[in-house]
Amino acid sequence: MRRGRGHDRFRPKDFEAFVRRMLDPGRDRWQQPARVLRALRVRPNAVVADIGAGPGYFTLRLARAVGPRGHVYAVDPEPRSLERLRRRLERLGVRNVTPVLSRGDDPHLPAGACDLVLIIDTYHHFPDGAAFLRRAAGALKPGGRLVGIDFQKRETPVGPPVEHRVAREEFLRDARRAGLALVAEHPFLPYQYFVVPRPRTRRRRPLVAATRAAR
Ligand SMILES: C[S@@+](CC[C@H](N)C(=O)[O-])C[C@H]1O[C@@H](n2cnc3c(N)ncnc32)[C@H](O)[C@@H]1O
């Protein structure tokens with residue numbers, strides 16, 4: 001196992017402190033969730049997956065953005081996070097989110113269901129990033145996009161220890177190995193990279209070759 005990868009099965013010792021950190025309103029200053037959603041043009045009726053959703057910092061914002069006819073899959077292997085999210089959904093009357101208890105190496109999403117799959121501050125937990133991205137990409141509809149937002153591999157005022165982080169270049173290398181190509185990048189977050197890869201489309205065979213083959 002490489003350094004910075006799958007450093008443990010994520011099981012925070014102080015779960016309440018983890019939830020406070022994830023949902024801290026002060027996070028908005030550097031995480032800029034509204035600007036992230038605007039940059040992604042998250043539309044009403046869209047189907048979105050939030051992989052590594054935790055207690056739902058992005059999940060609830062996504063649920064609002066896609067509206068009552070859209071849907072959000074909130075994926076996490078930590079039952080306590082999903083339970084906390086479930087309580088928040090109930091309290092707020094949100095009915096367009098499905099919490100999904102995943103396995104470390106598999107998001108357990110339905111195939112071809114999503115317009116957008118987000119992986120935010122979670123990538124360093126995957127034991128095999130390329131394999132996980134390939135599975136995550138399998139949940140995309142044709143034309144769907146994957147989103148990687150994670151801490152740059154340098155000291156920043158917030159974020160996990162630098163040795164646990166996965167650099168942008170490594171994320172993109174894994175994405176290429178998983179059959180994805182970078183289609184957009186948004187460089188406005190102060191501590192994180194924000195990249196948007198999507199499955200490479202297979203080149204159509206030239207029409208002339210197809211015509212010859214048909215003879
Ligand atoms: C730092 S938290 C980020 C939570 C959320 N994305 C956010 O930005 O508020 C990382 C989350 O990834 C989840 N996680 C850990 N290993 C995972 C895996 N193999 N697949 C999916 N999620 C995982 C953890 O349980 C945790 O909720």
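This report describes the fold, sheet, helix packing and selected residues of a predicted model.

## Overall composition

The protein chain contains eight helices and seven strands. Of its 215 residues, 40% count as buried. Among contacts between residues at least 6 apart in sequence, 70% join residues at least 24 apart.

## The seven-stranded sheet

The seven strands form an open sheet in the order β3-β2-β1-β4-β5-β7-β6, and the pairing is mixed. Its edges are β3 (97–101) and β6 (180–185), each of which pairs on one side only. From one strand to the next, the twist averages 25°. As a general matter, strands of a sheet pair through backbone hydrogen bonds, in either the parallel or the antiparallel sense.

Strand β4 is flanked in the strand order by β1 and β5. On the β1 side, β1 (residues 47–51) and β4 (residues 114–120) run parallel and are joined by four bridges. Within this pairing, A49 stands opposite V117, and D50 stands opposite L118. On the β5 side, β4 pairs with β5 (residues 140–151), again in the parallel sense, over six bridges. One of the residues involved is C114, whose bridge partner in β5 is L140. β4 is also mostly covered, with seven of its seven residues buried.

## Helix α4 against the sheet

Helix α4 packs on the sheet, where it touches β1, β2 (71–76), β3 and β4. The direction of α4 makes about 165° with that of β2. Angles over 145 degrees count as roughly antiparallel, so α4 and β2 fall in that category. The helix spans residues 57–66 and is mostly covered, eight of its 10 residues being buried. These buried positions are Y57, F58, T59, L60, L62, A63, A65 and V66. Just after α4, G67 takes a positive phi of about 75°.

T59, a residue of α4, illustrates this environment at the level of a single side-chain position. T59 counts as buried because 26 C-beta neighbours lie inside 10 Å, against a threshold of 20 or more. Leaving aside neighbours within four places in sequence, T59 is in contact with D50, A53, V72, A74, L85 and V97. Of these partners, D50 is the residue that stands opposite L118 in β4. L85 is 26 residues from T59 in sequence, yet the two C-alpha atoms are 8.8 Å apart in space.

## The α6–α7 helix pair

Helix α6 (residues 129–137) and helix α7 (residues 168–177) have axes that come within 8 Å and cross at roughly 55°. The two helices are therefore oblique to each other. Their crossing is right-handed. The contact is made by G129, A130 and L133 from α6, together with D174, A175 and R177 from α7. By class, this contact has three nonpolar, one polar and two charged residues. An α-helix has 3.6 residues a turn, so residues three or four places apart point the same way.

Helix α7 also includes E169. This residue is exposed, because 10 other C-beta atoms lie within 10 Å and the limit for exposure is 12 or fewer. E169 and Y193 are 24 residues apart in sequence, and their C-alpha atoms are 10.0 Å apart in space.

## Positive phi outside glycine

Most residues other than glycine have a negative phi. Two non-glycine residues with positive values are described here: N45, with phi near 80°, and D121, with phi near 55°.

Both residues are in loops. N45 is placed in the loop between α3 (33–40) and β1, while D121 is found in the loop between β4 and α6. Their burial can be stated for each in turn. N45 counts as exposed because 11 C-beta neighbours lie inside 10 Å. D121 is buried because 20 other C-beta atoms lie within 10 Å, and burial requires 20 or more.

Definitions and conventions: Residues numbered from 1 in each chain as written. Axes fitted to C-alpha atoms, helices over the stretch in contact; angles between N-to-C directions. Parallel < 35°, antiparallel > 145°, perpendicular 65-115°, else oblique. Left-handed = near helix turned anticlockwise from the far one by under 90°. Contact = placed C-beta atoms within 7 Å. Nonpolar A, V, L, I, M, F, W, Y, C, P; charged D, E, K, R; others polar. Pairing = 2+ DSSP bridges.
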